[in-house]
Amino acid sequence: MVKKAVTVARDALSAPLIGLVCNMAYHLCPSCGARETLFSGPSAQEMARDLGVLLLAEVPFDPRLAEVGDQGVPLAVAAPDAPAAAAFRQVAQALEGFWGRGS
Ligand SMILES: [Zn+2]
C-alpha cells in the first residue's frame, strides 16, 4: 500500500517525495502510558528504509483527532500537549525545512 502510493507519487505525478508519515503508528495506553503496537508487519522505520525515504513522524492513534478534525480544528490547537500534536509539528518542521532548502 505504502509502496504503491510512493510509486504513483514519484513516477506518475512526478511529485517530490519528502518522506513518510506513519499514521496510527502506535497507541499510548491511557492508564499507564505504555506504547502499544496497533498493526503487525514492518515498522515505519523499516518501511522508510526499504523505500529510501526519510521517516518524518510516527503519529500515535488518538481518538480526538477525528473529533476535532470533524470540527475543522487542528489537534495541535485543540490539544497542543497531545503526543499526536507533537508528531504533526514534527511533520510541519520537516516540510518547512524541505521547502526552505535552496528555493
Ligand atoms: Zn497500560
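A nonpolar core is a set of buried Ala, Val, Leu, Ile, Met, Phe, Trp, Tyr and Cys residues joined through C-beta atoms within 7 Å. Keep that idea in mind as you go through these views of a predicted model.

**View 1. The whole chain has five helices and four strands.** Start at the N terminus and you will meet the elements in the order α-β-β-β-α-β-α-α-α. The C-alpha atoms fill a box of roughly 45 × 30 × 25 Å along the principal axes. Of the 103 residues in the protein, 14% are buried.

**View 2. The largest nonpolar core of the protein has twelve residues.** Look for L20, C22, A25, A48, L56, A57, V59, L65, L75, A84, A85 and A87. Two or more of these residues come from each of β1 (20-22), β4 and α5 (83-100). Helix α5 gives the largest share, three residues.

**View 3. A85 is one member of this core.** Setting aside residues up to four places away in sequence, A85 touches L75, A76, A79 and P80. Among these partners, L75 also belongs to the core.

**View 4. E46 sits in helix α2, which covers residues 44-51.** Is E46 buried or exposed? E46 is exposed, because 11 other C-beta atoms lie within 10 Å and a residue counts as exposed at 12 or fewer. Now find A34, twelve residues away along the chain: its C-alpha atom and that of E46 are separated by 22 Å.

**View 5. Helix α1 and strand β4 mark the two ends of the confidence range among the elements.** Helix α1 (residues 2-12) has the lowest mean pLDDT, 81, and strand β4 (residues 55-58) the highest, 96. The protein as a whole averages 90, and 97% of its residues score at least 70.

Methods: Residues are numbered from 1 along each chain as its sequence is written. This is a predicted model: local features need pLDDT of at least 70, side-chain atom pairs count only at pLDDT 80 or more; totals for chains, interfaces and linings use all residues. A residue is buried if 20 or more other C-beta atoms lie within 10 Å of its own, exposed if 12 or fewer, and partly exposed in between; C-beta atoms are placed from the backbone. pLDDT is the predictor's confidence in each residue, from 0 to 100. Two residues are in contact if their C-beta atoms, placed from the backbone, lie within 7 Å.
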